[in-house]
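Me: I am new to this structure and would like to go through it step by step. Could you take my questions as they come?

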Amino acid sequence: MSNVTVIGTQWGDEGKGKIVDWLASRADIVVRFQGGHNAGHTLVVGEQVYKLSLLPSGLVRGKVGVIGNGVVVDPHALMTEIDRVSAQGLVVNPETLWIAESAPLILPVHGALDRAREAARGDHKIGTTGRGIGPAYEDKVARRAIRICDLAEPETLDWKLDELLLHHNTLLAGLGADTFTKEEIKAWLAEIAPRLLSFACPVWDRLDEARRAGRRILFEGAQAVMLDVDHGTYPYVTSSNTIAAVAASGAGVGPSSIGFVLGIAKAYTTRVGEGPFPTELHDDIGRTIGERGHEFGTVTGRSRRCGWFDAVMVRRACRVGGVSGIALTKLDILDGLDEISICTGYELDGEKINFFPSAPGAQARVRPVYETMPGWQETTAGARSWAELPAQAIKYVRRIEELIEAPVTLLSTSPERDDTILMRDPFED
Ligand code: GDP
Ligand code: IMO
Ligand code: MG
């Protein structure tokens, strides 16, 4: 019996939230280990729709949720989210939500700098969520972040804010943006500090205790491998590592706790924001997929770019992500298409290559090589067993398995929690 770590294998929004919610029935604790409120997960349970950004999806199942030290926390966004889901009936209190006291905070300066830099980038903008994720991670690595535990020490907070504001106000002023005073930030933090501190604890210690007691832990990744700051389509990436390996460092557990790595992949591909996307479709099929799949970002409301399944990209994500098995989602969105294409390689400047290049110029020039197969006219929407799937849909899934060199262990056929087909229980591996 092992733990499970869920990660995205494309550019995010693969349906991680739905799968984590479904798997959470088999877990005791669900842990977020990286990212921040740039993530947006939609969970559908009967008539209720939960939209989560920072809170671990396991809270919907009444499990303990953990925000690990690897997450960057905007305290006001967190409290707003807690109030919103509490109004929907979820129980979020210091018994059900543990937050690492060493997690760095996202402050108003971070959002302001994120947006000012995007504006200054012009045509080369990244298309960030504008929520201050990048600047907050930069501050952590630069050793000037304000961490949750600092809120309990006014004297520490004071000198750390001086250092942080010297840096940020210089940059903001240089970019022609408004600067911040220490009093403003202090007031913003004072308003939230007691409530935030009530959730803060040594998460690493509690997780270690849970491990010793044989509790099952589900690690919930945000974003995806192609947005990973090392392995993604740099510089069009987020500012954290998103691969399974960081579940350990971002939660404060040993690497052996990661367990089965479940990679989530959509049966096609989407991307929000800028950056290369070889299989992007600019035609009616792309628009149809976008409309049927309701491909609009939960966080920013932007339309998601849509395209065919890119097996080369997902194969790479499986390798660097350490994926043990795949959950393939949104198969139902492909119902009724005459033909379906899968990218099996690329062409770069007239030469065939079977990997995605690292340099941005080459990434933009890459052209996909497709294998095309007949679609299916039957509906897969709502299917809950392999036997309900049309033969051609099964062929599509099998071909994907071959190309990405990883087994499909779960299939999802609608947004609804129980419209899920389990081939292999990752917790039993
Ligand atoms: P995440 O960021 O990876 O958690 O994914 P999002 O929640 O941002 O986006 C996935 C969207 O697809 C959500 O609206 C889900 O409700 C929906 N979804 C998940 N799985 C399926 C599926 O199998 N079929 C359909 N039609 N929708 C799905
Ligand atoms: P979930 O967890 C999709 C994208 C942004 C932008 C880039 C950098 O829902 O899958 P950032 O604000 O992180 O600096 O933006 O990363 N991005 C996401 N795209 N799903 C997400 O999260 C994302 N989180 C960040 O659109 O292109
Ligand atoms: Mg999302």
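Reply: Gladly, and one definition will help before we begin: Asp, Glu, Lys and Arg count as charged, Ala, Val, Leu, Ile, Met, Phe, Trp, Tyr, Cys and Pro as nonpolar, and the others, Gly among them, as polar. Please keep in mind that this is a predicted model.

Me: By class, how many charged residues does the shell around ligand 1 have?
Reply: The shell around ligand 1 holds two nonpolar and ten polar residues. The charged residues in that shell number seven.

Me: Which residue has a side-chain N or O atom 2.5 Å from an oxygen atom of ligand 1?
Reply: Let us look at the polar contacts of ligand 1. A backbone N or O atom of Lys330 is 2.9 Å from one of the ligand's oxygen atoms, and a side-chain N or O atom of Asp332 is 2.7 Å from a nitrogen atom of ligand 1. At 2.5 Å from an oxygen atom of ligand 1, the side chain is that of Ser412.

Me: How much of the accessible area of ligand 1 does the protein cover?
Reply: Besides the contact with Ser412, we can look at the ligand's surface. On its own, ligand 1 has 590 Å² of accessible area, and the part covered by the protein is 93%.

Me: Which element gives the most residues to the shell around ligand 1?
Reply: Two or more residues come from each of β3 (41-45) and α1 (16-23). With three residues, the element that gives the most is α1.

Me: What share of the area of ligand 2 does the protein bury?
Reply: Among the contacts of ligand 2, an oxygen atom is 2.7 Å from a side-chain N or O atom of Lys16, and an oxygen atom is 2.9 Å from a polar backbone atom of Gln223. Taken alone, ligand 2 exposes 550 Å², and the share buried by the protein is 97%.

Me: Are the two faces of strand β13 buried or exposed?
Reply: In a regular strand the side chains alternate between the two faces of the sheet. In β13, one side has Gly325, Ala327 and Thr329, while the other has Ile326 and Leu328. Residues on both faces are buried.

Me: Which residue in β17 is the bridge partner of Ile326?
Reply: Strand β13 runs parallel to β9 (residues 260-266), with five bridges joining them. Three bridges join β13 to β17 (residues 408-412), also in parallel. In β17, the partner of Ile326 is Val408.

Definitions and conventions. Residues are numbered from 1 along each chain as its sequence is written. Chains are lettered from A and ligands numbered from 1 in the order in which they are written. This is a predicted model: local features need pLDDT of at least 70, side-chain atom pairs count only at pLDDT 80 or more; totals for chains, interfaces and linings use all residues. Side-chain values use heavy atoms; hydrogens and water are left out. Buried means under 20% relative accessible area, exposed over 50%, partly exposed in between (1.4 Å probe, protein chains only). Helices (H or I, at least four residues) and strands (E, at least two) are DSSP runs, numbered from the N terminus. Two strands pair if DSSP finds at least two bridges between them. A polar contact is a pair of N or O atoms within 3.5 Å; within protein, one must be able to donate a hydrogen and the other to accept it, and residues adjacent in sequence count only if both atoms are side-chain atoms. Accessible areas come from the Shrake-Rupley method with a 1.4 Å probe; for residues, only the protein chains shown count as cover.
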